[in-house]
Every structure is written in structure tokens, then in C-alpha cells.
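Here are a few notes to help you find your way around this structure. Keep the viewer open as you read, and take the points in order.

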Amino acid sequence: MAVLDDVKTAMRIRHEALDDLISKQIATARAEMVRAGVSEDVANDDDNACVADAIITFCQMRNADTIQESDQYSKSWQYQLDCIRKSTFDGGD
């Protein structure tokens, strides 16, 4: 799964010990997108750079070392989520 590898790279993780946890967080990020009004097709589009970046941010938020860091990622996640929700992706991301 390319998104899993992208998340691990962004989080500087080189082992497989957290793969199950990160995969669950990726699924949760996608579910949160759908809950917020993003279509399932868009939320599950691994080729959509905006979606992939938002998923990375969500996982970073969930695994932040400090409350301040988590808050910063949370703000970024909310912004990205809102932008994706308002966007129309018709083949030209």
C-alpha cells in the first residue's frame, strides 16, 4: 500500500511493528473524510495527492509527541479536510 509507505516515510518509521496501527489510522482518516462530506471515491483515491497528504497529516496528529504538536497537526488536518470537502475532483486534481 503506497499510502502506508508514504505515512511511514513522513513519520520516519522504517520498521513494520506499527504497520497495523498506522493502517487503522489511515482507514480512520478516510472514514473521517467521508463523515465530513467527502465522497468515498475521493477519500479512497490513492492517486489524489491532496487526500494522501491529508492522511499523512491525520496520522502525524494521532502520533504526535506533544500536545502542541498534535494541535498544529489538528489545525492542518481540519484545513486540508475542509479544502478537500469543498473541492471537485473530476480527473484533474
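1. Let us begin with a pair of helices. This is a predicted model, and in it H2 and H4 cross in a right-handed sense. The contact draws on Ile22, Gln25, Ile26, Thr28, Ala29, Arg30, Glu32 and Met33 from H2, and on Val51, Ala54, Ile55, Phe58, Cys59 and Arg62 from H4. Sorted by class, the contact of H2 with H4 has nine nonpolar, two polar and three charged residues.

2. Now the geometry of that pair. Two packed helices are described by the angle between their axes and the distance between the axes. For H2 and H4, the axes come within 9 Å and cross at roughly 120°. That angle makes H2 oblique to H4, because angles of 65 to 115 degrees count as roughly perpendicular and this one falls outside that range.

3. Next, have a look at helix H1, which spans residues 2–10. Which of its residues are buried? They are Val3, Leu4, Val7 and Lys8. These four cover an arc of only 135° around the axis, so they sit on the same side of H1. The spacing is worth keeping in mind: an α-helix has 3.6 residues a turn, so residues three or four places apart point the same way.

4. What covers that buried side of H1? The cover includes helix H2 (19–35) and helix H4 (49–62), the two helices you met above.

5. The packing of H1 on H2 deserves its own point. Their axes lie 10 Å apart, at an angle of about 110°, and H1 and H2 are therefore roughly perpendicular to each other. On the H1 side, the contact is made by Val3, Leu4, Val7 and Lys8; on the H2 side, by Asp19, Ile22, Ser23, Ile26 and Arg30. By class, the residues of this contact of H1 with H2 comprise five nonpolar, one polar and three charged.

6. Some H2 residues are worth a second look. Ile22, Ile26 and Arg30 belong to the contact with H1, and they also belong to the contact with H4.

7. Just beyond H1, look at the backbone. H1 is followed by Arg12, which has a positive phi, near 60°.

8. Finally, find Gln60 in helix H4. Is Gln60 buried or exposed? Its relative accessible area is 15%, so Gln60 counts as buried, the cut-off being under 20%. Leaving aside residues up to four places away in sequence, Gln60 touches Ala10, Met11 and Tyr73.

Methods. Residues numbered from 1 in each chain as written. Predicted model: local features only at pLDDT ≥ 70, side-chain atom pairs only at ≥ 80, totals over all residues. Heavy atoms only, no water. Buried < 20%, exposed > 50% of the residue type's maximum accessible area, 1.4 Å probe, protein only. Arc of directions from axis to C-beta. Contact = heavy atoms within 4.5 Å. Axes fitted to C-alpha atoms, helices over the stretch in contact; angles between N-to-C directions. Parallel < 35°, antiparallel > 145°, perpendicular 65-115°, else oblique. Left-handed = near helix turned anticlockwise from the far one by under 90°. Nonpolar A, V, L, I, M, F, W, Y, C, P; charged D, E, K, R; others polar.
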